Amino acid sequence: NTLKGRIAVYPVDMRQTRFEFMRPARQRLLQKVLSWLSRDAIPLFVSGGHNVLPFRMEQNGRTLIGVFCLSLDPYNNLEITAAMPDKKVRGMEILHREDEWREFHDFTLDQGELRITYNDTLDFRRPVVFAVHCTG
């Protein structure tokens, strides 16, 4: 097509979709499809939990990245990846349970991909929110 867009067809049996996409193997397959569609620049992806709602918002020199847990079951060991092309990360903070920002160091930025490792517990009572301070 003239816009150089990509299209993926993902066949699914609609009678059995409830748990089909919650399996880790399905999540990895869908991640590969999304990666291909976005030309290896997925804006935001969360591994380690299947009932999560991630969000990303650009705001005055920083990027807010967060994850809500939509399950009554808590999650541990989430890995959050975000495409950050042409940006350098100056630092990162996490919104602490006491509603204050604290430094956060468990992240890497490699070839435009930010990878955040969150080893604490994420549950339905409170999202995890990161402020990524960038230049560029």
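These exercises treat strands, aromatic rings and exposure in a predicted model.

**Exercise 1. Describe how strands β2 and β3 are joined, and name the bridge partner of Met 57 in β3.**

Solution.
Step 1. Locate the strands: β2 covers residues 52-59 and β3 covers residues 62-69.
Step 2. State their direction and count the bridges: the two strands run antiparallel, and eight bridges join them.
Step 3. Find the partner: Met 57 is bridged to Leu 64 in β3.
Step 4. Look at the turn: two residues stand between the strands of this hairpin, and Asn 60 has a positive phi near 45°.

**Exercise 2. Classify the aromatic pair of Phe 55 and Phe 68, and state which strands it ties together.**

Solution.
Step 1. Recall what is needed: a pair of aromatic rings is described by the distance of the centres and the angle of the planes.
Step 2. Search the whole structure: three aromatic pairs are found. One of them is Phe 55 with Phe 68, at 5.7 Å centre to centre and with 40° between the planes.
Step 3. Compare the angle with the cut-offs: under 30 degrees counts as stacked and over 60 as edge-to-face, with the rest tilted. The pair of Phe 55 and Phe 68 is tilted.
Step 4. Place the rings: Phe 55 is in strand β2 and Phe 68 in strand β3, so the pair ties together parts 13 residues apart in sequence.
Step 5. Judge exposure: Phe 55 counts as partly exposed because its relative accessibility is 26%. Phe 68 also counts as partly exposed, at 35%.

**Exercise 3. Classify the pair of Tyr 118 and Phe 130, and decide whether each residue is buried or exposed.**

Solution.
Step 1. Take the geometry: the ring centres of Tyr 118 and Phe 130 are 6.1 Å apart and the planes stand at 85°, so the pair is edge-to-face.
Step 2. Place the residues: Tyr 118 belongs to strand β8 (residues 113-122) and Phe 130 to strand β9 (residues 128-135), so parts 12 residues apart in sequence are tied together.
Step 3. Apply the cut-off: buried means under 20% relative accessible area. Tyr 118 is buried at 8%, and Phe 130 is buried at 0%.
Step 4. Extend the group: Phe 104, Tyr 118 and Phe 130 form one aromatic cluster.

**Exercise 4. Describe the position of Arg 15 and its distance from Asp 110.**

Solution.
Step 1. Locate the residue: Arg 15 lies in the segment before α1 (17-20).
Step 2. Judge exposure: Arg 15 counts as exposed because its relative accessibility is 75%.
Step 3. Give the separation: Arg 15 and Asp 110 are 95 residues apart in sequence and 40 Å apart in space, C-alpha to C-alpha.

Key: Residues numbered from 1 in each chain as written. Predicted model: local features only at pLDDT ≥ 70, side-chain atom pairs only at ≥ 80, totals over all residues. Heavy atoms only, no water. Pairing = 2+ DSSP bridges. Helix = DSSP H or I, 4+ residues; strand = E, 2+ residues; numbered from the N terminus. Phe/Tyr/Trp six-rings, centres within 6.5 Å; stacked < 30°, edge-to-face > 60°. Buried < 20%, exposed > 50% of the residue type's maximum accessible area, 1.4 Å probe, protein only.
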